[in-house]
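The exercises below are meant to be worked with the sequence and the model open side by side. Each begins with a task and continues with a solution in steps.

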Amino acid sequence: MDTIFALSSGAPPAAIAVVRISGPKAGEALVRLIGKLPRPREAKLASLRADDGSLLDQALVLWFPGPKSETGEDCAELQLHGGRAIVAAVYEDLRKINGMRLAEPGEFTRRAFANGQIDLLQVEGLADLVAAETELQRRSALGAAAGSLSREVEGWRERLLTLSAQVEAALDFEDEGDVAGIDRTFVASVAALSVELRGALAAPSAEVLREGFRVALAGPPNAGKSTLFNALVDCDAAIITPIAGTTRDVLLRAVGLEGVPFTFVDMAGLRDETIDTVEGIGIARAREEIASADCVLWLGPEGEGPEDAWEIEARCDLTERDRKRAPAYSVSAVTGFGMDTLKRALVAHARTAMPKPGEWALGRRQRELIQSAANALADAISLSDPLIVAEHLRIARGAFDRLTGRATTEDMLDDLFGRFCIGK
């Protein structure tokens with residue numbers, strides 16, 4: 001197996017550049033650079049020297065012999081001064097060692113997974129943690145990366161193994177007198193586990209947490225959508241003119257409000273007829289965005305917006321405006337009137353779709369597998385043939401194994417680990 005190395009800190013120049021090394025020749029690399037192996041897991045200040053004896057850098061080095069390391073292999077870490085030339089020189093020296101190469105994206109994490117240091121649920125949590133931009137994203141991803149969902153799934157799997165053992169014993173020894181068959185509490189236990197799984201499916205969506213609570217601003221042309229959009233995202237992202245139909249395409253902007261991730265969507269104004277082909281395409285896309293939004297702010301005539309849309313009376317600073325009898329919120333993006341109230345309401349509404357402290361969010365893959373296991377258990381309850389019951393329990397176990405990565409496909413792993421940077 002190759003030994004890999006990569007920069008795991010930010011791109012130079014920087015105060016410090018951290019180079020990670022993992023694989024069977026990690027120790028050899030350290031001996032080559034500093035002359036000996038330092039004591040395990042203790043930072044040591046050392047002079048790094050090239051093959052010809054010239055000084056590369058003064059750096060802190062750490063040695064993590066496997067399997068007690070992040071990847072489960074022998075690992076080393078070099079905390080260099082963060083100049084480009086220093087990193088390049090160290091890279092060049094490491095490349096001279098036969099069997100050493102630059103790591104691929106996510107390869108350190110993939111090796112940790114392959115060596116049983118983390119499971120697939122923790123990998124997904126780690127990917128989300130690296131990408132986290134808001135406090136809610138950080139908290140949720142940190143819990144998943146630390147194994148909160150993994151422990152829950154492992155508990156379900158252990159209970160299922162016990163139930164499966166009862167069925168297998170009944171099948172294997174049904175003609176012998178020392179096994180009484182399936183226990184009378186078996187059906188109740190399977191039903192309880194199935195109900196628990198269905199309860200877990202009520203967890204918030206990881207996609208909403210990852211991509212942001214999607215808020216679409218909708219209404220007819222020249223209703224003030226782009227002006228309100230700019231005020232919500234706090235920048236001049238959308239072009240504003242008095243000309244109706246200025247916005248032709250969908251404009252997205254991700255922001256964080258009070259630690260909650262949002263994606264605000266500005267779009268073409270809605271009208272039934274247009275002779276402009278480009279505007280017609282924009283209107284079609286706008287309707288698609290409205291259908292997929294988590295919340296719609298309706299700036300058009302009262303009562304004509306999508307079901308459950310928030311009635312917004314925009315431009316409330318103008319004397320001549322289309323007034324609404326019972327708007328949810330009256331705002332002026334120009335003067336700022338009502339904007340803080342609207343933002344607070346959006347944050348409160350979005351929090352209902354986000355995980356609370358201590359909760360985890362479920363991604364699409366995770367939700368589908370838990371649903372598969374719950375369905376298999378529900379089917380098992382309705383059956384009387386122990387052989388078919390055992391098969392449904394096996395299906396549920398397979399879903400749990402795919403959740404944690406005990407059973408998975410290379411294509412799925414390639415896609416997942418490709419989300420990481422090279423040094424992760």
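**Exercise 1. A salt bridge and its surroundings**

Task: Decide whether Arg214 is buried or exposed, and determine which parts of the chain its salt bridge with Glu289 links.

Solution. Begin with Arg214 in this predicted model: its relative accessibility is 19%, and because buried means under 20%, Arg214 counts as buried. Turn next to the partner, Glu289, which has a relative accessible area of 15% and is therefore buried. The two side chains meet in a salt bridge, with an N to O distance of 3.2 Å. Finally, place the pair in the chain: Glu289 lies in helix 10 (residues 277-292) and Arg214 in strand 7, so that the bridge links distant parts of the chain, 75 residues apart.

**Exercise 2. Two further pairs and a network**

Task: Characterise the salt bridge between Glu391 and Arg394 and the one between Glu42 and Arg39, and state how many salt bridges a search of the whole structure finds.

Solution. For Glu391 and Arg394, the closest N and O atoms are 2.5 Å apart. Both residues belong to helix 13, and because they are 3 residues apart there, about one helical turn separates them. Glu391 counts as partly exposed at 34% relative accessibility, and Arg394 likewise counts as partly exposed, at 42%.

For Glu42 and Arg39, the closest N and O atoms are 3.7 Å apart. Here Glu42 is partly exposed, with a relative accessible area of 38%, whereas Arg39 counts as exposed at 59% relative accessibility.

Widening the search to the whole structure gives 18 salt bridges. Salt bridges also link Asp2, Glu73, Arg101, Glu107 and Arg111 in a network.

**Exercise 3. The largest nonpolar core**

Task: Identify which residues of the largest nonpolar core touch the most other members, and establish which element supplies the largest share of this core.

Solution. The core contains 33 residues, of which Phe262, Phe264, Leu297 and Leu346 touch the most other members. The elements that each supply at least two of its residues include helix 8 (206-211), strand 7 (213-218), helix 9 (225-233), strand 9 (260-266) and helix 11 (339-351). The largest share, 6 residues, comes from helix 11.

Phe262 can then be examined individually. Once its neighbours within four places in sequence are left aside, its contacts include Phe213, Val215, Val255 and Leu257, together with Leu346, Val347 and Ala350.

**Exercise 4. A buried threonine, an exposed leucine and a loop arginine**

Task: Locate Thr109, Leu387 and Arg323, and classify each by accessibility.

Solution. Thr109 has its place in helix 3 (residues 107-114) and, at 5% relative accessibility, counts as buried. Not counting residues up to four places away in sequence, Thr109 touches Ile118, Val123, Leu126, Phe417, Phe420 and Lys424.

Leu387 is found in helix 13 (residues 386-404), where it is exposed, with a relative accessible area of 56%. Together with Leu383 and Ile388, Leu387 forms a nonpolar patch on the surface, and the accessible area of the three residues together is about 260 Å².

Arg323 sits in the loop between strand 11 and strand 12 (329-330), and at 56% relative accessibility it counts as exposed. Arg323 and Pro301 are 22 residues apart in sequence, while their C-alpha atoms are 8.7 Å apart in space.

**Exercise 5. The chain as a whole**

Task: Compare the radius of gyration of the protein chain with the value for a compact globule of 424 residues, and describe the burial of its residues and its contacts.

Solution. A compact globule of 424 residues would have a radius of gyration near 22 Å, but the protein chain has 29 Å. The C-alpha trace spans about 80 × 80 × 40 Å along its principal axes. The secondary structure of the chain consists of 14 helices and 12 strands.

As for burial, 44% of the 424 residues count as buried. The chain exposes about 21200 Å², of which carbon and sulfur atoms supply 52%. Finally, among contacts between residues at least 6 apart in sequence, 61% join residues at least 24 apart.

Key. Residues are numbered from 1 along each chain as its sequence is written. This is a predicted model: local features need pLDDT of at least 70, side-chain atom pairs count only at pLDDT 80 or more; totals for chains, interfaces and linings use all residues. Side-chain values use heavy atoms; hydrogens and water are left out. Patches are made of residues with over 30% relative accessible area and no salt bridge: like charges are joined within 9 Å, nonpolar side chains (Val, Leu, Ile, Met, Phe, Trp, Tyr) within 5 Å. Accessible areas come from the Shrake-Rupley method with a 1.4 Å probe; for residues, only the protein chains shown count as cover. A salt bridge is a side-chain nitrogen of Lys or Arg within 4 Å of a carboxyl oxygen of Asp or Glu. Helices (H or I, at least four residues) and strands (E, at least two) are DSSP runs, numbered from the N terminus. Buried means under 20% relative accessible area, exposed over 50%, partly exposed in between (1.4 Å probe, protein chains only). A nonpolar core is a set of buried Ala, Val, Leu, Ile, Met, Phe, Trp, Tyr and Cys residues joined through side-chain atoms within 4.5 Å. Contact means heavy atoms within 4.5 Å. The radius of gyration is taken over C-alpha atoms; the globule rule is 2.2 Å times the number of residues to the power 0.38.
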